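Reader: I'm new to this, and words like "pocket" and "contact" get thrown around a lot. Can we go through what they mean here?

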Amino acid sequence: MIPSPLAERLAQLAALGATGHGIDRRLFSAEDAQARTLFVQWARGSKFTVEQDRAGNVFARRAGKRDGAAILSGSHLDTVPNGGAYDGAYGAVAALCALEELDAAGVVTEHPVEAVAWAGEEGSRFPLGCLGSGAFAGLNELASIDALRDDDGVTFADARAAANGLLAGVPVRDGFPRPAGYVELHIEQGPVLEHRGVRLGVVTAIAGQVRVEVEIHGEAGHAGTVPMELRRDALSAAAELALELEAAARTIGECVLTVGHLSVFPNQTNVVPGRVLLRIDARSVDEARLSALRAAIEACAARTAAKRGVRIETTPIEERRVVAMDPQLRGAVAAAIAELGERAIDLPSGAGHDAMCVAAVAPAAMIFVPSAGGLSHVGNEYTTPEDLQLGVTALTRSIAAIDRLLAKD
Ligand code: HGY
Ligand code: MN
Ligand code: MN
């Protein structure tokens, strides 16, 4: 089988940041700069006009009959540590392939269409998810993003200005022009499509997210001499808090809560941990449950602090509301898929996506393809080449359908 540009491009991207256990490609790293450079080369190879914005997002524009507000499609090129080859990269490459398929079919759209590679969706370097799309949508001021620091203390502003930041030779556009509409193709990252035996999904809503940083101040001491009853062990307190939070999430129901990031200080075998830093990621597609999660985090922290005699500080670091996808665009996507003779189901997204930010400034829709075993954010993330290709075809048809729909406005 002749490899498609989609498969070849995904393979090239997968090599950037390969760790042997997955892919580690964080914003403004050398690997990330190489990935954005490939995106630019592929776009220019197909005669699309390329620009970037001050947040590091990269755009490849295909002209339409009109100038002005474009229909955007894309996703992110960064990954979580030891992430997979499809989360984000697939949607960014697929958008380019969709523009090329429009060219090949001689489709002249009313609107310009832009493929976009969003910067820093994962929040795996700077402590904010959807960093580029959040700036693009005006949800996060660039000035506040500039001040964000990575674990080495490097600010976003410095990283952006450094060698692996904004790309040399790519014009930097002014501001963040509002698009006419947005459609993102993404792997489902869950088990529903595979379980239902369906190859395409139309997303109804994207779960809201609450991310909280927690600092637990206990008392460091000699592991051999401090009696158990006199300890204020920050790690034992963190462990108790994590279990309390897990129980609270199970009680609230239809939500998820994860303590996925934890640092112990001084992290020395023979020293009682004096301080622990952890981050909580809580989500639900129901706003009332999100509020209950916020309250539970505070209540569990207060209870654990009192019980263990430690001081616990909680700092919200990210708040994303539940975002419903646009009903009209969903209808256009569903009709385009039906024309392909393919079945699709409606489903919510527990994973966050750039679409939840872009939806603040334009009607947005998302299309899912199945994830094998529902796995994602792991190195063995997989979707069959046939499903990947079907997704591109569905995306191409959806972009054309959305263009016709919005041209009527
Ligand atoms: O965390 C998420 O849901 C997304 O992958 N950033
Ligand atoms: Mn992800
Ligand atoms: Mn993603």
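Reader: How do you know that ligand 1 sits in the largest pocket?
Author: A pocket is an open set of points on a 1 Å grid over the protein atoms alone, with protein on both sides within 12 Å along at least five of seven lines. A molecule sits in one if more than half of its atoms lie within 2 Å of its grid points. Ligand 1 meets that rule for the largest pocket, so we say it sits there.
Author: Two housekeeping points. This is a predicted model, where local features need pLDDT of at least 70, side-chain atom pairs count only at pLDDT 80 or more, and totals for chains, interfaces and linings use all residues. Residues are numbered from 1 along each chain as its sequence is written, chains are lettered from A and ligands numbered from 1 in the order in which they are written, and side-chain values use heavy atoms, with hydrogens and water left out.

Reader: What makes a residue count as being around ligand 1?
Author: One of its heavy atoms has to lie within 4 Å of the ligand. E121, E122, R211, R283, A351, G352 and H377 are the ones around ligand 1.

Reader: Why is the pair between E121 and ligand 1 called a polar contact?
Author: A polar contact is a pair of N or O atoms within 3.5 Å. A polar side-chain atom of E121 is 3.0 Å from a nitrogen atom of ligand 1, so the pair fits the rule. E122 does it too, with a polar side-chain atom 2.9 Å from a nitrogen atom of the ligand. For G352, a polar backbone atom lies 2.7 Å from an oxygen atom of ligand 1.
Author: As for cover, ligand 1 taken alone exposes 210 Å², and the protein buries 94% of that (areas by the Shrake-Rupley method with a 1.4 Å probe).

Reader: How much space lies in the largest pocket?
Author: About 1,300 Å³, where a volume is the space filled by probe spheres set on the grid points. Its lining has 49 residues, and the closest to its centre are E122, R211, D281, R283 and H377. Strand 11 gives the most to that lining, with 5 residues (strands are DSSP runs of E, at least two residues).

Reader: What makes something a cavity instead?
Author: There, a 1.4 Å probe fits but cannot get out. By this rule there is 1 cavity of 30 Å³ or more. Among the residues lining the largest cavity are L27, D78 and F126.

Terms used: A polar contact is a pair of N or O atoms within 3.5 Å; within protein, one must be able to donate a hydrogen and the other to accept it, and residues adjacent in sequence count only if both atoms are side-chain atoms. On a 1 Å grid over the protein atoms alone, a cavity is a set of points where a 1.4 Å probe fits but cannot get out, and a pocket is an open set with protein on both sides within 12 Å along at least five of seven lines; lining residues have an atom within 4 Å of a point. Helices (H or I, at least four residues) and strands (E, at least two) are DSSP runs, numbered from the N terminus.
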